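Thanks, everyone. Let me put the model up, and then I'll walk you through it.

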Amino acid sequence: MKLEALNKETHKNLRFKKVSEYAMPYAPIVASEVAACSLNFAIVITQEEAPRLVVILGQSKNVLIDDNFDGYVPFVVQNYPFVLAQNEDGEKFLCIDTDAPDFKSGKALFKSGKESDFLAQIIENTKEFSEDEDRTKNALKEIKNAGILEPKELTIGEENRALISGFYVVDREKLNQLDDKTLADFARRGYLELIYTHLQSLSNLQILTDAIVEKELKTQETKTKK
């Protein structure tokens with residue numbers, strides 16, 4: 001992935017037609033997407049200073065969302081190869097992945113030096129997502145500060161081979177040990193609903209594991225035939 005900040009001069013002749021597939025093994029999501037995403041994906045929390053909600057899509061690349069996928073597609077995946085980035089000062093701006101093959105024909109991004117209607121809609125949708133993302137990060141900050149997160153990894157087989165690590169989940173026991181005031185506050189703010197949906201979504205880890213293993217087997221078969 002090669003990101004460039006979208007610029008009306010540099011990219012004035014670019015046109016867009018969706019042809020690529022989202023390849024990243026995870027996708028950040030916001031609280032408003034949690035219920036829909038929980039039906040098909042495992043939702044976890046990143047181990048960052050400012051944690052994010054993400055859905056896990058694979059080990060090294062996306063193995064869950066393809067042309068045959070029948071379910072809710074996270075906004076970040078829908079919006080790719082348009083990507084929201086943030087600099088060290090916290091300023092957000094829209095980028096494009098110039099490695100993506102989508103910018104060769106189709107709808108113009110700019111017309112007469114101004115954003116086309118198509119691009120204006122992309123920017124508006126991304127702005128709304130950004131605002132939801134800020135609210136979600138604030139919620140996760142409070143959840144993290146409550147001390148109820150625990151590190152988790154996805155393992156497979158009797159030898160517990162690690163497939164994916166480096167993420168947090170909510171510890172049910174620690175959650176239940178929170179004082180009544182904190183629990184009431186979390187319930188009022190909608191944090192408990194978010195937490196319980198996150199925990200429910202972890203049942204999809206088996207679907208993810210099966211998809212990763214199936215992909216490994218197909219890769220091995222291809223190498224064997226060669």
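I'll take the cavity, then helix 3, then the cysteines.

Keep in mind that this is a predicted model.

So, the cavity. There is one of 30 Å³ or more in the structure. Its volume is about 50 Å³. Which residues line this largest cavity? Going along the chain, we have Pro28, Ile29, Val30, Arg52 and Leu53, then Phe129, Glu133, Thr136, Lys137 and Leu140. Two elements each give two or more residues to that lining: strand 3, at 26–29, and helix 3, at 117–145. Helix 3 has the largest share, with five residues. What about chemistry? Six lining residues are nonpolar, one is polar and three are charged.

Now helix 3 itself. How far apart are its end C-alpha atoms? They are 42 Å apart. The helix has 29 residues, and at 1.5 Å a residue it should span 42 Å, so the two values agree.

Which of its residues are buried? Start with Leu119, Ile122 and Thr126. Then come Phe129, Ser130, Glu133 and Thr136. Ala139, Leu140 and Ile143 complete the buried set. Note the overlap with the cavity: Phe129, Glu133, Thr136 and Leu140 are buried, and they also line the cavity. Just past the helix, Gly147 has a positive phi, about 75°.

Last, the cysteines. How many disulfides does a search of the whole structure find? Zero. Are Cys37 and Cys95 buried or exposed? Cys37 is buried, at 0% relative accessible area. Cys95 is buried as well, at 3%. The cut-off for buried is under 20%.

That's the tour. Over to you.

Terms used. Residues are numbered from 1 along each chain as its sequence is written. This is a predicted model: local features need pLDDT of at least 70, side-chain atom pairs count only at pLDDT 80 or more; totals for chains, interfaces and linings use all residues. Side-chain values use heavy atoms; hydrogens and water are left out. A disulfide is a pair of cysteine sulfur atoms within 2.5 Å. Buried means under 20% relative accessible area, exposed over 50%, partly exposed in between (1.4 Å probe, protein chains only). On a 1 Å grid over the protein atoms alone, a cavity is a set of points where a 1.4 Å probe fits but cannot get out, and a pocket is an open set with protein on both sides within 12 Å along at least five of seven lines; lining residues have an atom within 4 Å of a point. Grid points are joined across faces, edges and corners, and a volume is the space filled by probe spheres set on the points. Helices (H or I, at least four residues) and strands (E, at least two) are DSSP runs, numbered from the N terminus. Ala, Val, Leu, Ile, Met, Phe, Trp, Tyr, Cys and Pro count as nonpolar, Asp, Glu, Lys and Arg as charged, and the others, Gly among them, as polar. The expected span of a helix is 1.5 Å times one less than its number of residues.
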